[in-house]
Amino acid sequence: MNANPACPLLDTVDTPDDLRKLAPVQLRQLADELRAEMISAVGQTGGHLGSGLGVVELTVAIHYVFNTPDDRLIWDVGHQAYPHKILTGRRDRIRTIRQGGGLSGFTKRSESEYDPFGTAHSSTSISAALGFAVANKLAGTPGRGIAVIGDGAMSAGMAYEAMNNAKQAGNRLVVILNDNDMSIAPPVGGLSAYLAKLVSSRPFLGMRDIARRISRHLPEPLHRAAKKTDEFARGMAMGGTLFEELGLYYVGPIDGHNLDQLIPVLENVRDAAEGPCLIHVVTQKGKGYGPAEAADDKYHGVQKFDVITGEQVKSASGPPSYTGVFAGALVAEAQRDSTICAITAAMPSGTGLDKFATLFPDRSFDVGIAEQHAVTFAAGLAAQGMRPFCAIYSTFLQRAYDQVVHDVAIQNLPVRFAIDRAGLVGADGATHAGSFDVTYLATLPNFVVMAAADEAELVHMTHTAALHDSGPIAFRYPRGNGTGVALPEVPLRLEIGKGRIVKQGTKVALLSLGTRLAESLKAADQLEAKGLSTTVADLRFAKPLDVELIRKLMATHEVIVTVEEGSIGGLGAHVLTMASDEGLTDLGLKIRTMRLPDLFQDHDSPDKQYDAAGLNAPQIVDTVLKALRHNSAGVEEARA
């Protein structure tokens, strides 16, 4: 790849200031070296590869032309930001990416001044860039807001909401549409590249401005006609009418891998006096690495791999994933019930609904990155007698909370929410952790909220949700493989609001919700070894609570500990409220709640994350012992 292996240019570039010292003819070599460095790094760490490979030249061109970090560059989602990190002072840490204590897999404000805005969820970049651009305009400072947004992210309404307000930024806003999949424009070629360079140039913009000024003095019908002529002429040639109507000057499409096309167009836009601009670049995901180019997913997310062959390190075989178990259970339900349908928001394989879509294409709906629409669409289906399953990651369901409240809960519609990636998720870190769903759902009237302790329970909960027609119901389950328990041949319909005793004891009661049940059972064994007879209950339901079971355990045990893989305000808060309402806290009972800490945890392995959160067996044991010691101290103090 390297045009001059004896003199690697990448070794001379630590920041974009160094990059801007290079001659334009050197940028091709630098891009090749940058691509090779990224492939080598991700081969050692795993992570997101294809997206970054597709924007290598674009990354070089943006940092070369614009004055980053004063010009604020925002990468939508952030999957594609690895080359950006290498060029902005983080090359020496790129092999720590997504590992404990290492670089984030996304842009992160606390990591670098070149990451002005944290990303990881889609379609936020234009709104944020607009904010930076308008702030600089109001302050009279020269910085721009530059948003790089992929074509897939353009399916979200938020992107259009931002573009609808873009005029307020003037020429401070630059939107770069990275088109690598949807083919929303004519093919890139010499003519389109020439036109893009022409219409972004000062002479063209100057003539256009003069023509506009003249047309304003024409009678209104002629003024409108002149304006439409300009828009449609460029729209017919280049396909930008939609963006023009939203207020952005459209340039493109241009070849996103051709630096001879990219640099002049970006320079023209940088120097233009025009208003907000959208540059349409066409790229190839996985560009420059044969195995990625040949793969169906373009190596979007990969395990560690052999750089020469592209062969990924296979994960150790084990139990099926929770996602796969849900997918199989839902297919079984759909085979029995023709009213069951499934909705996903651009995550068919991530949620397992690709299997459902293969068998039931007419009942499967991928709505794109549009969680708000997904939820209200499901509500409409439910109102018309269908039984929709809305399968969304916990962290993405947050984006549709108003729709969950207003369109589902208030109307008491039986939408089934299959909440994947519940709890801590490892390498993706705080932005993707499913920390809050129990808290934000169990507070809503009409909702039923369940959490699966293992994959067999997940099968039962999928079946229970399918048969639940009296209102909205949600069930959560984590990322990764299950525990290896046998899956039921015939699923059970769980009684709503009823938990189960997994282990019977007399002194300590551990009330578990979700997959911390395994750690609770380990803790019970350790407590038993210390002479403390311990009950373990799998509550199954955060709402409605099994009040009868909890009341009985509180009346017969000295210490009650709730354990959940969610934030404050979840199961523990509901149990405490119930105990307070019924006067059970007046009995001298020791109640402790264990949940995720009140902070956003950084990326690491899930085991280490849960250890840091204090939700593994040793911490459960310690919580019980501290409660008992506190109780003993209180008794001694009262006697004295």
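A residue counts as buried when its relative accessible area is under 20%. By that rule, buried residues make up 56% of the 640 residues in the chain of this predicted model.

**The whole chain**

Begin with the entire chain in cartoon view. Its secondary structure comes to 25 helices and 19 strands. Among contacts between residues at least 6 apart in sequence, 76% join residues at least 24 apart.

**First stop: two packed helices**

Select helix 6, residues 125–139, together with helix 7, residues 157–164. Two packed helices are described by the angle between their axes and the distance between the axes. Here the axes come within 7 Å and cross at roughly 25°. Angles under 35 degrees count as roughly parallel, and helix 6 is therefore roughly parallel to helix 7. Now display the side chains where the two helices touch. Helix 6 contributes Ile126, Ser127 and Leu130 to the contact, while helix 7 contributes Met158, Ala159, Ala162 and Met163. Sorted by class, this contact of helix 6 with helix 7 holds six nonpolar residues, one polar residue and no charged residues.

**Second stop: a sheet of seven strands**

Strands of a sheet pair through backbone hydrogen bonds, either parallel or antiparallel. Select the open sheet whose seven strands follow the order 9-8-10-11-13-12-17, with mixed pairing. Which strands stand at the edges of this sheet? They are strand 9 (364–366) and strand 17 (541–543); each has a single partner strand, so one side of each is left without a neighbour in the sheet. On average, neighbouring strands of this sheet are turned by 20° against each other, direction ignored.

**Third stop: strand 8 and its partners**

Within that sheet, select strand 8, residues 340–344. Is strand 8 largely enclosed or left open by the rest of the structure? Strand 8 is largely enclosed, because five of its five residues are buried. Ile340, Ala342 and Thr344 lie on one side of the strand and Cys341 and Ile343 on the other, and both faces are covered.

Next, add strand 10, residues 387–393, which pairs with strand 8 in the parallel sense over five bridges. Cys341 stands opposite Pro388 in strand 10, and the bridge partner of Ala342 in that strand is Phe389. Then add strand 9, which pairs with strand 8 in the parallel sense over three bridges. In strand 9, Ala342 has Ser364 as its bridge partner.

To see what covers these strands, select helix 16, residues 371–383. Helix 16 lies across strand 8, strand 9, strand 10 and strand 11 (416–420), and runs at about 165° to strand 10.

**Fourth stop: strand 16**

Move to strand 16 (534–538). This strand is mostly covered, with five of its five residues buried. Thr534, Val536 and Asp538 point one way from the strand, whereas Thr535 and Ala537 point the other way.

Strand 14, residues 500–503, runs antiparallel to strand 16 and is joined to it by three bridges. Strand 15, residues 508–513, pairs with strand 16 in the parallel sense over five bridges. Centre the view on Ala537 to see both pairings. Ala537 is the bridge partner of Ile501, and Leu511 stands opposite Ala537.

**Fifth stop: salt bridges**

Side chains of opposite charge can pair when their charged atoms come close. The count in this model comes to 34 salt bridges.

Select Asp18 and Lys21, which form a salt bridge with their closest N and O atoms 3.9 Å apart. Lys21 counts as exposed because its relative accessibility is 67%.

Then select Asp337 and Arg387, whose side chains meet in a salt bridge at 3.1 Å, N to O. This pair links distant parts of the chain: Asp337 lies in the loop between helix 14 (322–336) and strand 8, and Arg387 lies in strand 10, 50 residues apart. Asp337 is buried, with a relative accessible area of 17%.

Continue to Glu457 and Arg540, whose side chains meet in a salt bridge at 2.7 Å, N to O. Glu457 belongs to helix 20 (residues 455–466), and Arg540 to the loop between strand 16 and strand 17, 83 residues apart. Both Glu457 and Arg540 are buried.

Finally, select Asp11, Glu37, Arg91 and Arg95, which are joined into one network by salt bridges that share partners.

Definitions and conventions. Residues numbered from 1 in each chain as written. Predicted model: local features only at pLDDT ≥ 70, side-chain atom pairs only at ≥ 80, totals over all residues. Heavy atoms only, no water. Axes fitted to C-alpha atoms, helices over the stretch in contact; angles between N-to-C directions. Helix = DSSP H or I, 4+ residues; strand = E, 2+ residues; numbered from the N terminus. Parallel < 35°, antiparallel > 145°, perpendicular 65-115°, else oblique. Contact = heavy atoms within 4.5 Å. Nonpolar A, V, L, I, M, F, W, Y, C, P; charged D, E, K, R; others polar. Pairing = 2+ DSSP bridges. Salt bridge = Lys/Arg side-chain N within 4 Å of Asp/Glu carboxyl O. Buried < 20%, exposed > 50% of the residue type's maximum accessible area, 1.4 Å probe, protein only.
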